[in-house]
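Q: Hi! I have a structure open and would like some help finding my way around. Can we go through it together?

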Amino acid sequence: MYLLWPLLFLHVSAQHLTLYDDRLKQPKQEGRVRLVGDLPSSGRVEVYHDGQWGTVCDDGWELAEAQVVCRQLGFPGAISVKPGGQYGEGSGPIWLDDMNCKGSESSLSECSFKGWGVTDCSHKEDAGVDCETGKNITSNRQFSVDNSLGLSHDLGLLFDSGDGCDFRINVQDTSEEEELTFCVHKMILMFYPELNITNDSRNIAVNVSQTCHPHVSAFLRYLYTRQIDVSITSAQCLHQLAFIFGVKKLMEDVGRTFTLLLPEDNTFLTQVSMYEYGVRTGDLVLQENVLQYLSWNCEYLISSPVWSTISFHMMDALLQRSDLIVNDEALLLEALERWIQDKGDEISSDQQASLLNHIRFLLIPVDKLYETQFSSSVLRQNHEKLYLTGLLRGFQFNALPFSKIRNQMDNMSSEYLSRIYTGDEWSVIINDTTVNYPYYHYGQNNRIQTFSTPAYPSALYREQKVQWQAQVFLSAQECSNYGMSCTSFPVARFYGYGNQERYTSTIRYSNRLILSCKYENNVFHVQDFKNSMAVVPNNSSMDLPNPCPDDYSFRFVVRPEYI
């Protein structure tokens, strides 16, 4: 299941006024692509260069090239390529020939090709594509944004009537085939300084995807009233319009709805597109929400085809986080090595070194640390010294007692901070969330699990075990059976016993509870334990909606840290 996340192209201009952000792909911009056909998602590929549209020859036209085109247009990906003029023959220049894309480029013109207009093809060889259209969001769920300061009702009536309006906003489709005109009041627009409206201004033109036209009126009315109803279907358009008009508060408010989309796409195409969109619009809240979700689902992201396509700045942001959920640090290093190999010359040596410095060699299990020294990866070959330094520090960390390295802890920054490692040695899963146990039957209750872990990941502590018990209670009776009073359900209990208290002066346990769908590999909630208890919030109060309310599992993760 995946969603269509169209990266909408907006441009605002007027006499002596240009609201233009170079980070956004703009209509009529060099290298822009379009599809010419009966459907928005399929057709003959045309590219804009040197002031005019031209076609692409099908020599070398394969799925990698089609993926780049479809993603540049905001579709999740490509279904198939259509060579040989199957979508009709174009006219004018044939701009591109002998295309060679890796599939991860952000635009077609970034791929390798002969040169602009250098070709031996005819229009009978014009290339086409069929793009994935994804799943349209049809949820009617809405929430109201109210930033009003007074007179909202009267100002709304003023917008509705248009009485005394003295400024025109012309809204065009990016194809310039559709146009809407709104008459508004200049005084209202002058409250938004990013528009640079002056006394001499009479109109502005806004180029907006036709899919957003139905939402422009509601957005303009918000400029008067500071009130608007936002749904999942309108959020993308309202966020883009708020970005163009510089309405930052509305951007933040609307951006919260994007989190509702995060658990819906197991391909990760939507989430990656959201993050890149957040970078372009400067929406730090959106970037953080996406990064948190991808961190929680990092292991699934690593195994997906999307992993090789994510950008350097996204990889850099992910590897710095301590809320990454992975089997162990060695898996993360292997995934980074694979990503760099797939990227090839796209990633500079300095960028490779920067990413390698985010790997926490100290926390790689010592047996895998030993195997790592024999790695023959491109990353190892390019950065031998960094690798050897990481290995040395890792072996020292495993061999030396904490008293010897305590003074160096500040210098190691996050190197020694555990991520959320879910290897069998450090976690246990409880899947039984439906059967009620009214009486105390310890041997029959599948929602009680005991296991042991090393006191700490280093080799020094491997044989020193801590015992743990994990429990999930679904009713007041179950809590009462264990001498506890619970007022909200489900509630999880996770506590250590035995040798744990021996290490309290050196080690603390910042354990985590992970909720995930049993069959869809989707982590949607992570929380810590307070006094060994974790009350699971209901669906309406979670940061992310629960996509599987009747079929999810509890994973208890031991997360030791040096104090």
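Q: Which residues touch the most other members in the largest nonpolar core?
A: Happy to help! This is a predicted model. In its largest nonpolar core, which has 125 residues, Ile 169, Phe 219, Leu 220, Leu 223, Phe 245 and Phe 556 touch the most other members. Helix 5 (residues 232–245) gives this core its largest share, 9 residues.

Q: What is Leu 220 in contact with, leaving aside its neighbours within four places in sequence?
A: Leu 220 is in contact with Phe 159, Ile 169, Phe 182, Val 184 and Phe 245, once those neighbours are set aside.

Q: OK, new topic: how many residues does helix 8 have?
A: Helix 8 covers residues 284–296, so to speak 13 residues, and reaches 18 Å from its first C-alpha to its last. At its N-terminal end, Asp 283 acts as a cap, with a side-chain oxygen 3.2 Å from the backbone nitrogen of Val 285.

Q: And which residues in helix 8 are buried?
A: Among them are Leu 286, Val 290, Leu 294 and Trp 296. The buried residues of helix 8 pack against several elements, including helix 6 (248–258), helix 10 (312–319) and strand 22 (522–528).

Q: What about aromatic pairs, how many are there?
A: The count comes to 22. One of the pairs is Tyr 495 with Tyr 497, which is tilted, at 6.2 Å centre to centre and 45 degrees between the planes.

Q: Why does Tyr 495 count as partly exposed?
A: Because its relative accessibility is 22%, and buried means under 20%. Tyr 497 also counts as partly exposed, at 35%.

Methods
Residues numbered from 1 in each chain as written. Predicted model: local features only at pLDDT ≥ 70, side-chain atom pairs only at ≥ 80, totals over all residues. Heavy atoms only, no water. Helix = DSSP H or I, 4+ residues; strand = E, 2+ residues; numbered from the N terminus. Expected span 1.5 Å × (residues − 1). Buried < 20%, exposed > 50% of the residue type's maximum accessible area, 1.4 Å probe, protein only. Contact = heavy atoms within 4.5 Å. Polar contact = N/O pair within 3.5 Å; in protein donor to acceptor, adjacent residues only side chain to side chain. Core = buried A, V, L, I, M, F, W, Y, C linked by side-chain atoms within 4.5 Å. Phe/Tyr/Trp six-rings, centres within 6.5 Å; stacked < 30°, edge-to-face > 60°.
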